[in-house]
Amino acid sequence: MEKSLFKPFLTIVILMGLAIIAVAFTTDVKFDFVPGVKMELPEDVKGWHGNQLKFCHNPELCAKDYKDASFYVSELEIPDICPECGDHLFNMARAEKEQLPEDTEFVKSAFTNDVGTRLFTSIVLSGTARDSIHRPQRCLKGQGNNMDGEYDLEVPLEGRDPLTVRVIQTSRTYRTADGPVPYYSFYAYWFVGQDRETASHYSRMFWLAWDRVVRSKANRWAYIAVQGQREAEGTEYEAEIIDFVQQVYPHVLTDTMRAKAYGE
Ligand SMILES: [Zn+2]
């Protein structure tokens with residue numbers, strides 16, 4: 001194609017693209033607030049014991065300078081009350097509460113297995129007003145982590161195709177009295193819509209727009225993440241992710257999403 005012809009052609013393509021995006025976010029869509037996940041994590045699954053976490057947001061005491069003040073629900077004497085300052089406890093950290101829309105829902109738990117491995121898991125459910133799930137890479141960087149690598153990991157599941165999760169290898173250095181201490185961790189996640197799941201942020205954005213335009217439907221997406229420590233080298237942690245997701249996955253889906261995921 002000649003250059004003089006190509007330029008208007010390109011302009012039309014860009015305009016069409018912008019029009020699709022505009023249509024996606026201005027047309028009247030029917031909101032369907034039933035999510036694909038249940039907002040609860042199991043307490044015990046095979047090999048893992050879960051402990052739900054709650055957070056104190058007291059800006060003068062517990063959560064001063066956005067310090068992470070978390071408590072195990074099972075150890076609280078009075079449910080939802082901070083044992084240190086008496087404030088009301090929340091399902092998310094103070095920074096999360098302040099940065100995300102009011103109706104974003106959270107549930108967080110720490111799971112330990114028989115050999116003492118501890119994994120932190122969370123489900124974040126986007127609100128109804130606007131989509132509140134960000135690209136995880138951006139948040140991890142913002143929290144001061146180095147991104148050492150990322151890739152897709154297949155988790156074999158009984159009765160259906162494997163679930164793809166995205167794994168990010170992170171690291172950071174903690175300054176201690178004994179000098180700097182390196183800390184290596186991983187962050188595995190995937191997204192669940194009302195009847196879709198994907199490990200890709202861009203696929204999720206595509207389905208968000210697609211559902212609005214083609215199905216005239218908007219629903220709440222959930223973001224499920226599993227975090228843990230890893231060695232500086234090697235990928236032994238993958239076995240932990242696989243085992244954990246295999247056990248927890250069937251518990252977090254709604255009946256409708258489960259039927260779809262297992263092709264029932
Ligand atoms: Zn407190």
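**Briefing: helix α5, the nonpolar cores and the loops**

In α5, the buried residues are Tyr-237, Glu-240, Ile-241, Phe-244, Val-245, Val-248, Tyr-249 and Val-252. The model is a predicted one. Its chain holds six helices and 13 strands. Of the 264 residues in the chain, 28% are buried.

**Overall layout**

- Taken along the principal axes, the C-alpha atoms of the chain fill a box of roughly 70 × 45 × 45 Å.
- Contacts in the chain with a separation of 6 or more were sorted by distance in sequence, and residues 24 or more positions apart account for 63% of them.

**Helix α5**

- Helix α5 runs over residues 237-252 and has 16 residues.
- From its first C-alpha to its last, α5 reaches 22 Å, close to the 22 Å expected at 1.5 Å a residue.
- Where does α5 bend? The bend is at Gln-246 and comes to about 30 degrees.
- A proline, Pro-250, follows Gln-246 within four residues.

**Nonpolar cores**

- The largest nonpolar core has 37 residues. Ile-123 and Ala-222 have the most contacts inside this core.
- Several elements give two or more residues to this core. Among the strands are β6 (105-113), β7 (118-125), β9 (163-176), β10 (179-192) and β13 (222-229). The helices are α4 (201-213), α5 and α6 (255-261).
- Which element gives the most to this core? That element is α5, with seven residues.
- In soluble globular proteins, nonpolar side chains tend to be buried together.
- Ile-123 touches Val-37, Met-39, Leu-41, Val-107, Ala-222, Ile-224 and Val-252, leaving aside residues up to four places away in sequence. One of these partners, Val-252, is also among the buried residues of α5.
- A second core of ten residues is separate. Its members include Leu-53, Cys-56, Cys-62 and Ala-93.

**Strand pairing**

- Strand β8 (residues 146-155) pairs with β9 in the antiparallel sense, over nine bridges. Opposite Met-147 stands Thr-170 in β9.
- β9 also pairs with β10, in the antiparallel sense and over eleven bridges. Tyr-174 has Val-181 in β10 as its bridge partner.
- How many residues does the hairpin use to join β9 to β10? The hairpin runs through two residues.

**Loop between β3 and β4**

- Glu-60 lies in the loop between β3 (48-56) and β4 (70-72).
- Is Glu-60 buried or exposed? Glu-60 counts as exposed because it has 8 C-beta neighbours inside 10 Å, and the cut-off for exposed is 12 or fewer.
- From C-alpha to C-alpha, Glu-60 and Pro-83 are 15 Å apart in space. In sequence they are 23 residues apart.
- Asp-65 is also found in the loop between β3 and β4. Its phi is near 55 degrees, a positive value in a residue other than glycine.
- Asp-65 is exposed, because 6 other C-beta atoms lie within 10 Å.

**Loop between β4 and β5**

- Asp-80 has its place in the loop between β4 and β5 (89-90).
- Asp-80 is not a glycine, yet its phi is positive, at about 70 degrees.
- Most residues other than glycine have a negative phi.
- Why does Asp-80 count as exposed? Asp-80 has 12 other C-beta atoms within 10 Å, and a residue with 12 or fewer is exposed.

Definitions and conventions:
Residues are numbered from 1 along each chain as its sequence is written. This is a predicted model: local features need pLDDT of at least 70, side-chain atom pairs count only at pLDDT 80 or more; totals for chains, interfaces and linings use all residues. The expected span of a helix is 1.5 Å times one less than its number of residues. The bend at a residue is the angle between axes fitted to the seven residues ending there and the seven starting there. A residue is buried if 20 or more other C-beta atoms lie within 10 Å of its own, exposed if 12 or fewer, and partly exposed in between; C-beta atoms are placed from the backbone. A nonpolar core is a set of buried Ala, Val, Leu, Ile, Met, Phe, Trp, Tyr and Cys residues joined through C-beta atoms within 7 Å. Two residues are in contact if their C-beta atoms, placed from the backbone, lie within 7 Å. Two strands pair if DSSP finds at least two bridges between them.
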